[in-house]
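Trainee: I would like a close look at a single part of this assembly, namely the place where the two chains meet. Please take me through that interface in one connected account.

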Number of protein chains: 2
Amino acid sequence: MTSSSASEPRPPDFAAVEAAAARLHGIAAATPLVESPALNARIGGRLLVKAECLQRTGSFKFRGAYNALAQLDLAARKLGVVAYSSGNHAQGVAAAAARLAMPATIVMPSDAPAIKIANTRSHGAEIVLYDRQREVREEIAERIAAARGAQLLPPFDDARVIAGQGTVGLEIARAAQAMDAAIDAVIAPCSGGGLIGGIALALSGTIPGVRVYAAEPQGFDDMARSLAAGERVRNDPAGQTICDALMAPTPGVITFALARRFLAGSLVVSDREVESAMAVAFSELKLVAEPSGAVALAAVLAGGIEAKGRTLVVVLSGGNVDRETYAAALRCG
Amino acid sequence: MTSSSASEPRPPDFAAVEAAAARLHGIAAATPLVESPALNARIGGRLLVKAECLQRTGSFKFRGAYNALAQLDLAARKLGVVAYSSGNHAQGVAAAAARLAMPATIVMPSDAPAIKIANTRSHGAEIVLYDRQREVREEIAERIAAARGAQLLPPFDDARVIAGQGTVGLEIARAAQAMDAAIDAVIAPCSGGGLIGGIALALSGTIPGVRVYAAEPQGFDDMARSLAAGERVRNDPAGQTICDALMAPTPGVITFALARRFLAGSLVVSDREVESAMAVAFSELKLVAEPSGAVALAAVLAGGIEAKGRTLVVVLSGGNVDRETYAAALRCG
C-alpha cells in the first residue's frame, strides 16, 4: 500500500544516483555543457553552463520525478501521484506520470506563472489551485493523496527525487572528463535543496575535492542561514522574489543533511542580479533562463565566487518563464 | 601568394566534409539535437532541432570560417583575412582568425544589427562599414585584400567554407544514428547556400535517400526560384525582410551546383511566420533564435512540409539577435 508516508526519510547514496542515471537513460535528455569565450573573458576563467533548461519539461525536475515514479509497482502506479509545486516540479511530475501512464494531480498556487500551469495541464494532469497566503499546500495534497491511496511525491525531501536530480551532477562529471576540464567548483540553484544535494552527492563520488555551492535569491536564503546556524531556519513568509521556483520556506530534512556534509556554502543574489544573468544567458549563451534558473549564473557574474584562472560549472536549471517577465529582464538586465 | 582569387571554384566532396570535421573537433561545439514532446504533438510527428545557436559565435558560420583559415600556411595567415558579411560570417571569421592568430578585417553594412557589429569587434577584428544602398561590399573587400595580399574569404561560395558548414550535417547523421532515429527530411536556412549545400553533401554520404530542403524568407527566395528556373536568378534589390542574414542576392555558383544535385526543394516563409517560430523556440525549446535562424523551424510549423508520422530535423542556425527585435517577436509571435 502506498500512502503519503511513502517518501524515504534516509538520504540516498551514490549508488542511488547511478541507478537513477540508468533509469533515465534515453528518457531524460543528457543536456549539454555550453561555453562562451566572451563570458570566459569576462570572468577571467572558464565557465561551463549545464543547460538544464533544455531538459524535458524545461527544467531538471523531470529527472527526480521520473526516478521516483518509475520505482513504483504497477498497483501503486494505478492509484496515481499527487504533488504540490509552484510549477517546475508540477510539470516534471505530470510529464513523468504521463510517460508511466499514471494519473497525476498537482496542487499549484493560483499565482504561479501562467505558462507553468498551462504546461502542467498539457501533460494531462488534474490541477488543483490554492491561495498561497491562506492555505497550506502540503495539507491539501496530503488530503487528496490519502483519499485516493495515491503516492504523494514531495518536491525535494525524498531520496528518490534527490537521486534523480543528482544525475545532473553525474553528467557534469562525465562531460568534464570528456572535455578534459578540471573543475574547481559547481554552483546550482537551491530552493528546498534537492538539486544541489543530489549534485553534491554525485560529485562526491566522481570528482572528490570539487567545491559545491548553492545559490539562492535574497529573502529566500534559508540554506545559507541554515548552514551558518547549523540547523534548519525558515524564511520570512512575507518575502518576495522574482525567483518563483525558489520560494521553499526552509531546507528539507534529508537535503539539509546532505548540504551540511557536502556543501562549501550558499551564494545569495538579488533579483536585479538575476535579471542581468537572464540577459547574459540570452546574449552570450542563446539560452532562455527563467529567473530561478539563473541564480547560479548570477552568483558567478556578480563576483560571489573567485573565478580568475578557475573552471566553474553553473547549472542553468530551467527556462519556464512568461514572455512578459522575460522581456522585462531583457530591458533591465 | 594568396589573393582574392584564392577561393576554390570546384565543389567540395564528402571527404572534404570529413576532413573539416577532423579540423573542427574540439574547437567547434558539437551542438545538440533538441526535442520537445509538445512540439512533436503539435506537428503529429517527431521534430529534432539542431541547436546551432549554441555554436561558438552564436551561429554555424564559425565552422566554415575556421575550416578555410586553418588550411592556410603560416605565411598566408600572417597576411590576414578580409571578409564581407551582414554579421554572422563576420563573427565566424573574426573568431576563427583570432583562434589562428590572424589579423582580420570585416566589411559590414552600416545597418547590421548592433550586436553583430559589437561582437565582431570583440574578437579583435577591424571593422569597415559600408552603405548597403550605395556601395558594393565585394568591391570594398577585394580592394582591401588586394592591397594587403590578404585572403578574401567569401561567405558561402567557397569549397572550404561549404565543407565546414557541412559538418552540421555529419553531426545530424551521427546523432540520429545514436538515438536510433530514422530521419525523413532535413530543413536548413538558406541565404547563399553554403549551409544547406554542405549539409546536403554530408547527408548524401551518411543518410542516402533523406530529403533535404532549403528554407528562405519571402522576397529572398532566390534558391527556390533558381531551382525552378534551372539557373541562378536574383532577388529584387528593393526587398525587405527581418531575416538580416538571409539577404544574399543570388545563390553561389558552387552552392547552386550542389543544390541542383542534392536538394528536394526550398520552402518559403513570411516574416510573420518567422516571428512565430522565434516565439515557439522561446517557449518550447528554450533556445534563442534570431530571425534568420528560425526560417526552417517556421517552414515546418507553417505546414510547408508534411510532418505527420515523420521524423524531421530543422537547423536552428543562429541566435544573434538584438533584444528589441527579440522582444517584438515574442509580442507578435
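Mentor: A salt bridge, as the term is used here, is a side-chain nitrogen of Lys or Arg within 4 Å of a carboxyl oxygen of Asp or Glu. The model under discussion is predicted, and by that rule 0 salt bridges are found across the interface of chain B and chain A. Polar contacts do occur there: between chain B and chain A, 8 residue pairs are in polar contact, with both residues of each pair at pLDDT 80 or more.

Two elements of chain B, α12 (271-285) and α14 (323-332), each give two or more residues to the side of chain B that touches chain A. Of these, α14(B) gives the most, with 4 residues. By residue type, the side of chain B that touches chain A divides into 15 nonpolar, 4 polar and 4 charged residues.

As to extent, 23 residues of chain B are in contact with 23 residues of chain A. The area buried between chain B and chain A is about 2,000 Å², and carbon and sulfur atoms give 67% of that area. Within the share that chain B buries against chain A, Phe282(B), Lys286(B) and Arg323(B) supply 38%, more than any other three residues.

The arrangement of the copies completes the picture of the interface. A turn of 180° with a shift of 0.0 Å along the axis lays chain B on chain A, with an RMSD of 0.0 Å. The two copies are therefore related as by a two-fold rotation axis. Among the residues of chain B, Leu287(B) comes closest to that rotation axis, its C-alpha lying at 2.5 Å. Both copies use the same surface, for 100% of the contact residues of chain B recur in chain A.

The absence of salt bridges by this rule applies to the interface of chain B and chain A, whereas a search of the whole structure finds 23 salt bridges over all chains. One example is the salt bridge in which the side chains of Glu52(A) and Arg63(A) meet, at 2.5 Å from N to O. This pair links distant parts of the chain, 11 residues apart: Glu52(A) is in the loop between β2 (46-51) and α3 (61-69) of chain A, and Arg63(A) is in helix α3 of chain A.

To return to the part you asked about, the side of chain B that touches chain A includes 15 nonpolar residues, and the contact with chain A involves 8 residue pairs in polar contact and 0 salt bridges by the stated rule.

Methods:
Residues numbered from 1 in each chain as written. Chains lettered and ligands numbered in written order. Predicted model: local features only at pLDDT ≥ 70, side-chain atom pairs only at ≥ 80, totals over all residues. Heavy atoms only, no water. Contact = heavy atoms within 4.5 Å. Buried area = accessible area lost by both parts, 1.4 Å probe. Polar contact = N/O pair within 3.5 Å; in protein donor to acceptor, adjacent residues only side chain to side chain. Nonpolar A, V, L, I, M, F, W, Y, C, P; charged D, E, K, R; others polar. Least-squares fit on C-alpha atoms with pLDDT ≥ 70 in both.
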